Amino acid sequence: MTGVPASAAGGSSGAQGARGSAAAADGVASEVSGSAPAPGPAAPADGARPARGGKIAAAAVNQASVWNVANLLTMLRLFLVPGFVALMLAGGGYDPAWRSLAWAAFAIAMITDLFDGHLARTYNLVTDFGKIADPIADKAIMGAALVCLSGLGDLPWWVTAVILGRELGITLLRFLVIRYGVIPASRGGKLKTLTQGVAVGMYVLALTGWLASLRFWVMAVAVVLTVVTGIDYVRQAIVLRRRGIAERAAALEETES
């Protein structure tokens, strides 16, 4: 005999059983909801009590992970858009000094566009916010520059329509076929983006002489690349959709058999 009252022993066993039942219930609820089990009142195996406020601390860490360098650069591009437009239109839109400042804002936006995606992939900083905000920031600064240039009469409206129409159309196409897979960025697409940035930057500056003639040809190359790569993306989307439909049909036939 140990001398321990039966009621005390039963109370201890009952408490442990209650804690085990609660932990099992939490596990079932987590499996149903698809989330990680919430920390319950049960003590760890080593007997140490869990830190209070663990759920709040975990949520804070997950929330803080959005504020990384890549996302900050993306937000910087978004904030540069209204500033760029204000600089482009300052002084009637034709003042060389204001246009130079507008070019500096545009150049910063283009440079950060080159780095934020690389940083996110290299250092595992990819977030849902970045996936959505990055393409929006890219198209916002480019669209603002093209509309301002066409509004000031420096660039034909049809050029703006071709470039923006292609960008918006390909973005919509990506969303339509995303159930079948992701259309990867091609080298032609990256070259198109670089050429567009150089061409638009040259139009933002108040250039004269042979540089003004050169920017026309650079923009012509950018428009050609815009159309050619757009057609290639449409082809990839069609192939991806057909392949996805075929794979689903094959999987369905295998399941039925």
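Phe106 sits out of reach of the probe for the most part: its relative accessible area is 2%, so it counts as buried (under 20% relative accessible area, with exposed meaning over 50% and partly exposed in between, using a 1.4 Å probe and protein chains only). The model is a predicted one, in which local features need pLDDT of at least 70, side-chain atom pairs count only at pLDDT 80 or more, and totals for chains, interfaces and linings use all residues. Residues are numbered from 1 along each chain as its sequence is written, and side-chain values use heavy atoms, with hydrogens and water left out.

Phe84 is buried too, at 0% relative accessibility. Aromatic rings come next. Rings of Phe, Tyr and Trp (its six-membered ring) pair if their centres lie within 6.5 Å, and planes under 30 degrees apart count as stacked, over 60 as edge-to-face and the rest as tilted. The count comes to two aromatic pairs. In one, the ring centres of Phe84 and Phe106 are 5.9 Å apart with the planes at 40°, so this pair is tilted. It ties together distant parts of the chain, with Phe84 in helix α3 and Phe106 in helix α4, 22 residues apart. Phe216 and Trp217 make an edge-to-face pair, 5.2 Å centre to centre with 80° between the planes. Here Phe216 is partly exposed at 47%, while Trp217 is exposed at 57%.

As for the overall fold, the chain has eight helices and zero strands (DSSP runs, H or I of at least four residues for helices and E of at least two for strands, numbered from the N terminus). Of its 257 residues, 30% count as buried.

Phe84 and Phe106 turn up again in the largest nonpolar core (buried Ala, Val, Leu, Ile, Met, Phe, Trp, Tyr and Cys residues joined through side-chain atoms within 4.5 Å). This core has 30 residues, and Phe84, Met88, Phe106, Val200 and Met219 have the most contacts inside it. Helices α3 (69–89), α4, α5 (128–151), α6 (157–176), α7 (187–204) and α8 (210–256) each give two or more residues, with α5 giving the most, seven. Leaving aside neighbours within four places in sequence, Val200 is in contact (heavy atoms within 4.5 Å) with Phe106, Met142, Ala145, Leu146, Leu149 and Met219. A second, separate core of seven residues includes Ile170, Leu173, Val177 and Tyr233.

Back in helix α4 (residues 96–122) there is also Phe115, which is partly exposed, with a relative accessible area of 47%.
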